[in-house]
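Let's walk through this model together, starting with the overall picture and then moving in on a few elements and residues.

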Amino acid sequence: MKWPATSQRARLYLAKIARGHRPDLEQRHPPSKLKCRALSDITVCRIALMGGNRNACAACGWEEQAYGSCGNRNCPKCQALAQEHWIAAMAKLILPVLHIHLVFTLPSESRERCFPVCGGTRRGKDR
Ligand SMILES: [Zn+2]
């Protein structure tokens, strides 16, 4: 299957889904305070409500409206660049053999056991 062109992918924003279905989602699966905040941020990310600016080229007449981002760490739009950097960094670590790469979150109780030298965090400091 070929990945849809950029113009088609733009129609599949999580924000649009959240705006259209949030009341139903929250009724079926009441979110935690943190998840509620993420949903609120993602819902308004890069829309007029967040303010913005107009980018233009005086030479060719090109214009584009850019809206403010929410900056939430769970927002796929805001974290796209960080995601690309992470993928590039991970790609350098991939072994040149057939393998499966799993990424998962450890329960906080397990972290100290997995990273005892660093005090329970991978980077040696709290994030
Ligand atoms: Zn965002």
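A useful place to begin is how far along the sequence the contacts reach. Among contacts with a separation of 6 or more in the protein, 37% are between residues 24 or more positions apart. Keep in mind as you look that this is a predicted model. The average pLDDT of the protein is 83, and 82% of the residues score at least 70. That confidence varies from element to element: helix 1, residues 6-9, has the lowest mean pLDDT, 52, whereas strand 1 has the highest, 94. Where pLDDT is low, the predicted coordinates should not be read in detail.

Next, the layout. Five helices and two strands make up the secondary structure, and following the chain along its sequence you meet them in the pattern α-α-α-β-β-α-α. How many of the residues count as buried? Of the 127 residues in the protein, the share is 4%.

Now turn to the pair formed by helix 2, residues 14-28, and helix 3, residues 33-44. Their axes come within 8 Å and cross at roughly 115 degrees, and the crossing is left-handed. On the helix 2 side, the residues that meet helix 3 are Leu14, Ala15, Ala18, Arg19 and Arg22; on the helix 3 side, they are Leu39, Ile42 and Thr43. By character, the residues of this contact divide into five nonpolar, one polar and two charged.

Stay with helix 3 for a moment, where you will find Arg37. Is Arg37 buried or partly exposed? It counts as partly exposed because it has 14 C-beta neighbours inside 10 Å, and being buried would take 20 or more. The C-alpha atom of Arg37 is separated by 10.0 Å from that of Asn74, although the two residues are 37 apart along the chain.

Moving on from helix 3, the chain enters the loop that leads to strand 1 (52-56), and Arg46 lies in this loop. Its backbone deserves a look: phi of Arg46 is near 60 degrees, a positive value in a residue other than glycine. Most residues other than glycine have a negative phi. Arg46 has 19 C-beta neighbours inside 10 Å, so it counts as partly exposed; the cut-off for a buried residue is 20 or more.

The two strands come next. Strand 1 and strand 2 run antiparallel and are joined by five bridges. Two of the pairings can be traced by name: Asn53 has Ala66 in strand 2 as its bridge partner, and Ala56 has Glu63. Together the strands form a hairpin with six residues between them, and in the turn Gly61 has a positive phi of about 85 degrees. How well covered are these strands? Strand 1 is hardly covered, with a count of zero buried residues among its five. Strand 2 lies largely in the open because the number of buried residues among its five is likewise zero.

Finally, look at Cys70, in the loop between strand 2 (63-67) and helix 4 (80-93). Why does Cys70 count as buried? It has 21 other C-beta atoms within 10 Å, and the cut-off is 20 or more. Leaving aside neighbours within four places in sequence, the contacts of Cys70 are Asp41, Ile42, Val44, Cys45, Met50, Cys75 and Cys78. Take Asp41 from that list: Cys70 and Asp41 are 29 residues apart along the chain, and their C-alpha atoms are separated by 5.5 Å. Ile42, also in contact with Cys70, is one of the helix 3 residues that meet helix 2.

Methods: Residues are numbered from 1 along each chain as its sequence is written. This is a predicted model: local features need pLDDT of at least 70, side-chain atom pairs count only at pLDDT 80 or more; totals for chains, interfaces and linings use all residues. Axes are lines fitted to C-alpha atoms, for helices over the stretch in contact, and angles run from 0 to 180 degrees between N-to-C directions. Helices (H or I, at least four residues) and strands (E, at least two) are DSSP runs, numbered from the N terminus. A crossing is left-handed if the near helix is turned anticlockwise from the far one by less than a right angle, and right-handed if clockwise. Two residues are in contact if their C-beta atoms, placed from the backbone, lie within 7 Å. Ala, Val, Leu, Ile, Met, Phe, Trp, Tyr, Cys and Pro count as nonpolar, Asp, Glu, Lys and Arg as charged, and the others, Gly among them, as polar. A residue is buried if 20 or more other C-beta atoms lie within 10 Å of its own, exposed if 12 or fewer, and partly exposed in between; C-beta atoms are placed from the backbone. pLDDT is the predictor's confidence in each residue, from 0 to 100. Two strands pair if DSSP finds at least two bridges between them.
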